[in-house]
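Let's take a walk through this fold together, strand by strand. Have the structure open and follow along as we go.

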Amino acid sequence: WNVEQPGAGYLTVNTPNTKLFTGFAQGRTIKLGNVTLAVGKTRLDWATISLVSRNATGFGESGRPANILLAATGVSENKGMTIERLGGTLITIRDKWGAGPVCVEGIPATLTLPAAPAKVKCFALDPSGERKKDITVDEADGRTKIVLKPDYETVWYEIVVE
């Protein structure tokens, strides 16, 4: 739990097979072991991003293969929901809860993994978990850099390290 910036706290989880950030990013780069996460600007400057190594093989360290599920969410609300701003980062919902479908904010973020980019593939997933779009994988100092964008219209990604 990090509250070094008043009103902009965040929580992280850093295990060999699970990485999580939830809270107010405030432009900070979050280091979770060998994984680095930089969350871009969101509606409330808040997001939750989780990565799970599906076969408990880590995140590409030492050339080990991995299959990673990434979920990235921000504000989630029903269509027609009315959010009232109370000032600062405080909000409330008084009368209009709206109805489905649920709309979820896409999260801009940059993820860096400890794997050679030539061995990594990333896919945006549809709601049933099927691959719907290849995501570009770049190189940053010998590591893999993946840029997530709201344009991908998903909250789920699959990352494959061969």
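Two strands are said to pair if DSSP finds at least two bridges between them. With that in mind, and remembering that this is a predicted model, look at β12 (residues 120–125) and β13, which pair in the antiparallel sense over four bridges. Within this pairing, phenylalanine 123 stands opposite aspartate 134 of β13.

Now step back to see where these two strands belong. They are part of an open sheet of seven strands, ordered β1-β2-β5-β6-β16-β12-β13, with antiparallel pairing. At the edges stand β1 (10–14) and β13 (131–135); each has a single partner strand, so one side of each is left without a neighbour in the sheet. On average, neighbouring strands of this sheet are turned by 20 degrees against each other, direction ignored.

There is another open sheet to find, this one of five strands in the order β3-β4-β11-β15-β14, again with antiparallel pairing. Its edge strands are β3 (29–32) and β14 (137–140), each pairing on one side only. Here the average turn between neighbouring strands is 25 degrees, direction ignored. For a closer look at one edge, follow β14 to β15 (residues 143–148): the two run antiparallel and are joined by four bridges. Aspartate 138 has lysine 145 in β15 as its bridge partner.

Next, travel to the segment before β1, where asparagine 2 lies. Is this residue buried or exposed? Asparagine 2 has a relative accessible area of 17%, and because buried means under 20%, it counts as buried. Its side chain reaches the backbone nitrogen of glutamate 4 at 3.0 Å. Setting aside neighbours within four places in sequence, asparagine 2 is in contact with Gly9, Tyr10 and Arg28.

Finally, some backbone details deserve a visit. Most residues other than glycine have a negative phi, and most peptide bonds are trans. Against that background, the peptide bond from glycine 100 to proline 101 is cis, with omega near 5 degrees; proline 101 is found in strand β10 (residues 99–104). Alanine 56, in the loop between β5 (46–53) and β6 (66–73), has a positive phi of about 55 degrees, and at 47% relative accessibility it counts as partly exposed. Glutamate 153 also has a positive phi, near 50 degrees. This glutamate 153 lies in the loop between β15 and β16 (156–161), and its 68% relative accessibility makes it exposed.

Definitions and conventions:
Residues numbered from 1 in each chain as written. Predicted model: local features only at pLDDT ≥ 70, side-chain atom pairs only at ≥ 80, totals over all residues. Heavy atoms only, no water. Axes fitted to C-alpha atoms, helices over the stretch in contact; angles between N-to-C directions. Buried < 20%, exposed > 50% of the residue type's maximum accessible area, 1.4 Å probe, protein only. Polar contact = N/O pair within 3.5 Å; in protein donor to acceptor, adjacent residues only side chain to side chain. Contact = heavy atoms within 4.5 Å.
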